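Biologist: Please take a close look at a single part of this model, the aromatic rings. Where do they sit, and how do they meet?

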Amino acid sequence: MKIIASLSNVLDSNVEVVYVPVFEEFPKYASKELPEKVVAKIKEAMNDKKFEGKLKQCYSVYWSDKKTFIAMGVGKKEDYNSDKLRQVCSSATRCAVNKKVKSYAFFLDGNLVDVNLEKAVQSFSESTLLSLYKFNVLKTKDKNNENLKEIVILLEHKKLEVASKAIKESQEVVESISRMRDLVNLPPNIVNPSYIVNEAKKVAKKYKLKCTVLGRKEIEKNNLNLLKAVSLGSDEEPALVVLEYNGAKNKKPVVLVGKGITYDSGGLNIKPYIGRGPAMRNMKTDMAGSALMFATIEAAARLRLDCNVVAVLALSENMINGRAYKCDDVVKSHAGLTVEITNTDAEGRLVLADALSYSKKFSPSYIINAATLTGASMLAVGYMGACLMGNDKELLEKLQISASCTGERLWELPLWEEYNELLDSSVADLKNSHEAAGPGTVVAGMFLQNFVEGMKWAHLDIASVSTTEKDRHFTKSGSTGFGVRLLVDFLKKQ
Ligand SMILES: [Zn+2]
């Protein structure tokens, strides 16, 4: 499947279906390039109240045996933004796939260009390609292969080169997002720490990244004792993977740290099978933070971004055997702080804590971690965005700018110092979990903050958005790939 930009006329384009975006105020805000005949048909439908131009509403106008026009509602002009464009594009793609169309065109009317043409084309191609993602590698039948071969963006602006470049870049980013989605969607009997280690080595070779892998012995030698503690209950060897991309001279790197629990049984605080709490199902996705950082550094390398990036992936299973770590254990972290274990299911913050303090050696300009850390983040923001915390105002603001540019929303939660009392331990410097009901997402953030001394740090709790049960916009059930576009946008601005 390919996406191309074209300057051909709406009537002349050699495709089966042409989508024509229509605002509710039509014919106001309609392009002058739209052929009279098409305008007349849309007006007729609107007069007959068959079509109102509401967001994602479709109305088909049959033109000939070979071509259908579909008026695609984009809502009110004053409400329009690039996020609406993404929703419209993914609806168009879904609709074309359902109709088993081989090719379609989308008229990118100048009124749909929100910031600039490059951004609009980027929004178009990213959401279109993301909508086409399928996870069927494990199916042996009913693979449901795509008919769609070609998508054409019909430009009103005559900037073909700008558009083609934006398409190419989007394709690179979406390739990386698909890697993340595959890693998260694949089952835990395939994706374990050593699987991710091998993938990291392959990607490092392909894009000339430096790759360092710390296995069990090196983890012990480097006093990454919290990561080690979490891994004790599993037969799979844990790993700390460090990928380094050097795209700029004399710039401090942005360090991206990911939680990579390839399966989280909860440990001795075992998860229930069902229920409102953190259930056992889908705990293969507890490595989404690592998958996100892995995909982001790969995308940075594909796009040859003018910055330096280090990705640190803390990989382990959280399982149970006779050696598994227990409640009441006290473990000395890499940073030197002692941690009392009060819940073995609060393992993500433990592996992250060691990975964060270990990362200090890279002298980061900024350090950002991502993790499916708390079920409570779902209570805070639902599946509409991720929770953001951190210790540096400027970094948080920069991330919010990228969030609004990409539509990958972040909501900041406070790290008021008084929350620290929730992590007081009577036997160690701090405990890993606050047992009573409370602000679970914030408590996890407070815990991590103890391990980032001297670094400008942000924490993304992506538990609410990393997967979805139902199809939503351009994300299908399973991994959403959340965060790659956000972090790539952030890195571009470094
Ligand atoms: Zn857990």
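**Aromatic rings**

Modeller: Phe 23 and Tyr 80 are both buried (under 20% relative accessible area, where over 50% is exposed and anything in between is partly exposed, with a 1.4 Å probe and protein chains only). The model is predicted, so local features need pLDDT of at least 70 and side-chain atom pairs 80 or more, while totals for chains, interfaces and linings use all residues. Residues are numbered from 1 along each chain as its sequence is written, and side-chain values use heavy atoms, leaving out hydrogens and water.

There are 10 aromatic pairs in the structure. One of them joins Phe 23 to Tyr 80 edge-to-face, with 5.6 Å between the centres and 80° between the planes. This pair bridges distant parts of the chain, 57 residues apart: Phe 23 belongs to the loop between β2 (17–22) and α1 (36–47), and Tyr 80 to the loop between β4 (68–73) and α2 (82–98). Rings of Phe, Tyr and Trp (its six-membered ring) pair if their centres lie within 6.5 Å; planes under 30 degrees apart are stacked, over 60 edge-to-face, the rest tilted. Helices (H or I, at least four residues) and strands (E, at least two) are DSSP runs, numbered from the N terminus.

Elsewhere, Tyr 19, Tyr 104, Phe 106 and Phe 124 are linked by ring pairs into a cluster. Tyr 29 has a charge over its face: Lys 77 lies there, 5.6 Å from the ring centre (the criterion is NZ of Lys or CZ of Arg within 6 Å of the ring centre and within 35 degrees of the ring normal).
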